[in-house]
Amino acid sequence: MAGVVAIVGRANVGKSTIFNRMVGERISIVEDVAGVTRDRIYAKASWLTKEFSVIDTGGIELENASFTTQIKMQAEIAIEEADVIVFVVNGREGITKEDEYVARLLQKSRKPIILVVNKIDDNQFRDYIYEFYALGVGDPIPVSGSHGIGIGDLLDQIINQLDLQDEETNEDEISFSIIGRPNVGKSSLTNAILGEERVIVSNIEGTTRDAIDTPFVKDGQKYRVVDTAGMRKKGKVYENIEKYSILRALTSIEKSDVILVVIDGETGIREQDKHVAGYAHEAGKGVVIVYNKWDLVDKDEKTMQKKQKEIYEQFKYLDYARIVFTSAKTGQRVDQIFPLIQESYENSRKRVQTSVLNDVLVDAQLMNPTTTFNGGRLKIFYANQVAVCPPTFVLFSNDPQYLHFSYKRYLENRLREAFGFEGTPIHIICRKRD
Ligand code: GDP
Ligand code: GDP
């Protein structure tokens with residue numbers, strides 16, 4: 001579940017070079033709203049069978065700030081957002097005052113740190129790494145970002161750390177995050193959720209997670225609200241940097257099973273809400289739409305239905321998400337969020353029987369046969385569910401080119417009707433049978 005890696009270090013040590021090596025060409029358009037991908041601040045990476053996201057904190061800048069303020073902010077962001085911190089130094093220049101400063105900041109957190117000594121382009125420089133033991137943050141590993149040397153070892157170490165954390169995560173706990181543009185009521189909702197009948201489980205000492213998530217139990221189910229720190233510590237200078245708030249949403253999504261997308265009922269749906277909802281959808285996580293500030297909405301008995309229709313029109317791709325109309329202020333329907341989170345979580349992990357899956361697809365094709373598209377007619381031979389979170393189905397066919405998107409949509413609807421995937425996206429992949 002965990003999987004956020006942050007790169008820190010003073011200017012010009014090679015952070016962005018290493019970032020580029022780690023993520024390769026895997027950048028995604030959807031995440032680019034605030035330029036987080038274009039500026040190569042945030043991207044997905046994968047190594048072996050593991051996927052994770054990488055943040056280059058060097059790309060998050062404060063205007064008119066001193067080097068020290070800048071680097072302090074970057075280290076803080078890394079500590080708050082990351083599961084593993086990659087601390088980069090320049091092997092050719094030795095330890096500088098700024099390196100020491102960063103090391104001290106990082107030592108205060110409980111996050112695992114991987115110390116990377118960059119610009120070791122050649123074996124003749126290898127001995128340069130030993131002096132960096134003095135930073136007191138662990139064993140230095142030599143790399144050359146520009147030559148691509150040592151990057152595999154670095155990725156191995158990252159995966160080891162992430163695997164260790166996966167073992168620590170609680171299997172029967174549902175983690176969720178509350179995202180939305182500023183002032184929609186995220187903090188108020190968090191308080192309303194935690195304020196009622198909550199039983200806070202104290203954070204276990206010695207775990208690698210800093211206490212930014214809040215675990216609690218409700219009706220016998222364990223939950224974890226991700227990134228409550230971001231809600232408590234409002235007013236930090238960098239809270240207002242747009243890139244940072246996007247990053248925060250992306251990393252919270254990454255760490256959650258289910259996403260609550262909050263909309264402000266007072267102002268109605270805005271363009272920015274669509275971006276936020278888009279991230280949640282793209283991540284393939286469970287989604288619940290929370291239409292908040294319901295107490296401020298002028299309403300009669302038809303309003304809820306009308307709003308519902310409007311929401312699905314505005315967020316067409318989220319037609320699987322349930323909507324709940326709440327007031328964080330009065331507590332109205334806040335309780336109804338929990339069964340929806342649970343449903344979304346369970347459905348996102350649902351596995352269907354292969355034989356039943358194939359029966360459903362055969363019936364679907366009988367009821368609505370494929371027509372000619374792209375020069376041929378699609379024939380599906382059989383299908384398999386290959387993954388959960390989200391449920392992913394592979395259709396083996398005569399030629400995937402013949403699959404029209406409207407037919408794919410039809411098949412998705414049939415699967416939804418047959419198996420009930422409320423609250424979760426599902427993926428359908430069409431392949432050619434060999
Ligand atoms: P950042 O400011 O920490 O993100 O550093 P950059 O990635 O922009 O790199 C700063 C400079 O160091 C650039 O001129 C890079 O080409 C150079 N550089 C990065 N990695 C290496 C390396 O492994 N060896 C050498 N010799 N130069 C490197
Ligand atoms: P955030 O920025 O998304 O965390 O939003 P906040 O929780 O800080 O709320 C922004 C403002 O909206 C505050 O003044 C809240 O008191 C107010 N607010 C939040 N939820 C509700 C609600 O359900 N009803 C009303 N009337 N006000 C709300």
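**Notes on two ligand shells and two nonpolar cores**

1. Let's start at ligand 2, where 16 residues sit around the molecule; Gly-185, Lys-186, Ser-187, Ser-188 and Lys-329 come nearest. Please keep in mind as you look around that this is a predicted model.

2. Which helix should you look at here? Helix α5, spanning residues 186-195, gives the most to the shell around ligand 2, contributing three residues. Sorted by class, that shell holds seven polar, five nonpolar and four charged residues.

3. Now turn to ligand 1. This ligand is surrounded by 16 residues, and the closest are Gly-14, Lys-15, Ser-16, Thr-17 and Gly-145. Helix α1 (residues 15-23) gives the most to the shell around ligand 1, with three residues. By class, the shell around ligand 1 has eleven polar, three charged and two nonpolar residues.

4. Away from the ligands, have a look at the largest nonpolar core, which has 91 residues; Phe-87, Val-261 and Val-288 are the members that touch the most others. Where does this core lie? It lies between domain 1 (3-167) and domain 2 (173-348), because both give residues to it. As a general background, nonpolar side chains tend to be buried together in soluble globular proteins.

5. Val-288 is a good residue to click on. Setting aside neighbours within four places in sequence, Val-288 is in contact with Val-258, Leu-260, Ala-321, Arg-322, Val-324, Ile-337, Leu-340, Ile-341, Ser-344 and Gly-423.

6. Finally, another core of 13 residues lies apart from the largest one, and its members include Ile-380, Leu-395, Tyr-407 and Phe-421.

Methods:
Residues numbered from 1 in each chain as written. Chains lettered and ligands numbered in written order. Predicted model: local features only at pLDDT ≥ 70, side-chain atom pairs only at ≥ 80, totals over all residues. Core = buried A, V, L, I, M, F, W, Y, C linked by C-beta atoms within 7 Å. Buried ≥ 20, exposed ≤ 12 C-beta atoms within 10 Å, placed from the backbone. Domains from an automatic or database assignment. Contact = placed C-beta atoms within 7 Å. Near = placed C-beta within 6 Å. Helix = DSSP H or I, 4+ residues; strand = E, 2+ residues; numbered from the N terminus. Nonpolar A, V, L, I, M, F, W, Y, C, P; charged D, E, K, R; others polar.
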